[in-house]
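The following exercises concern empty space and helix packing. Each task is followed by a worked solution.

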Amino acid sequence: VTLEVAPGRTLGLVGKSGSGKTTIGRLALRLYDTTEGVVEVGGVDVRWARMAELRASVRAVTQEVQLFSATLRDNVTLFDETIHDDRVLDVLHEVGLAPWFATLPAGLATVLGPSGTGMSAGEAQLLALSRVFLADPAVVVLDEPSSRLDPVTEKLVETATARLLEGRTAVVIAHRLAALATVDDIAVLEDGRVV
């Protein structure tokens with residue numbers, strides 16, 4: 001597979017389950033290493049990049065959101081105490097979580113359960129998007145973030161995603177072509193190859 005995504009462009013990956021879409025996303029994040037060939041981000045082989053730099057420049061949102069048994073603030077900031085509460089609140093508003101946040105008894109100090117106690121699937125996806133907004137990475141990998149949502153919540157996630165992708169390089173992984181309506185280029189995968 002040879003793919004190139006120019007800075008500021010969005011590549012959509014589509015194909016049947018098992019075709020290699022998620023693997024490509026994980027290679028960009030260096031969750032997997034290549035056995036041959038190379039994966040570069042910003043012209044740097046990810047195997048030689050410092051992990052902290054790679055994590056700062058590439059972020060992902062998947063269909064499975066991992067929440068911690070911790071406060072909302074810690075779940076959004078991933079326990080980064082250097083991020084000011086005002087910035088967290090701005091991001092929650094930006095992704096569309098302000099109405100939900102207004103119902104929380106303890107605001108940012110509200111404790112969430114490990115399986116998202118008190119959050120719908122859509123709210124959890126918006127929380128995952130808020131993490132990426134805070135990180136402000138150059139590259140975003142979206143692995144079917146709205147595939148399990150009802151139509152109303154899916155629209156909220158799509159709106160937040162469109163704002164997130166403005167000016168960023170992105171790989172959007174989807175089963176449905178409709179989910180790729182706003183991408184610049186599309187690659188169709190089959191059995192680990194671009195067809």
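**Exercise 1.** Determine how much space lies in the largest cavity, and which residues line the largest cavity.

*Solution.* The largest cavity holds about 30 Å³ of space. A cavity is a set of points on a 1 Å grid over the protein atoms alone where a 1.4 Å probe fits but cannot get out, and lining residues have an atom within 4 Å of a point. The volume is the space filled by probe spheres set on the points, which are joined across faces, edges and corners. Its lining consists of Leu27, Tyr32, Asp33, Thr34, Val38, Val39, Asp45, Val46 and Arg47. By class, these are 5 nonpolar, 1 polar and 3 charged (Ala, Val, Leu, Ile, Met, Phe, Trp, Tyr, Cys and Pro count as nonpolar, Asp, Glu, Lys and Arg as charged, and the others, Gly among them, as polar).

The model is predicted: local features need pLDDT of at least 70 and side-chain atom pairs pLDDT 80 or more, while totals for chains, interfaces and linings use all residues. Residues are numbered from 1 along each chain as its sequence is written, and side-chain values use heavy atoms, without hydrogens and water.

**Exercise 2.** Establish how the axes of helix H6 and helix H7 cross.

*Solution.* Helices are DSSP runs (H or I, at least four residues), numbered from the N terminus. The axes of H6 (residues 121–135) and H7 (residues 151–165) come within 10 Å and cross at roughly 5°; axes are lines fitted to C-alpha atoms over the stretch in contact, with angles from 0 to 180 degrees between N-to-C directions. Angles under 35 degrees count as roughly parallel, and H6 and H7 are therefore roughly parallel to each other. The residues of their contact (heavy atoms within 4.5 Å) divide into 8 nonpolar, 4 polar and 1 charged.

How values were computed
Helix = DSSP H or I, 4+ residues; strand = E, 2+ residues; numbered from the N terminus. Parallel < 35°, antiparallel > 145°, perpendicular 65-115°, else oblique. 1 Å grid on protein atoms, 1.4 Å probe; cavity = no way out; pocket = protein on both sides within 12 Å on 5 of 7 lines; lining within 4 Å.
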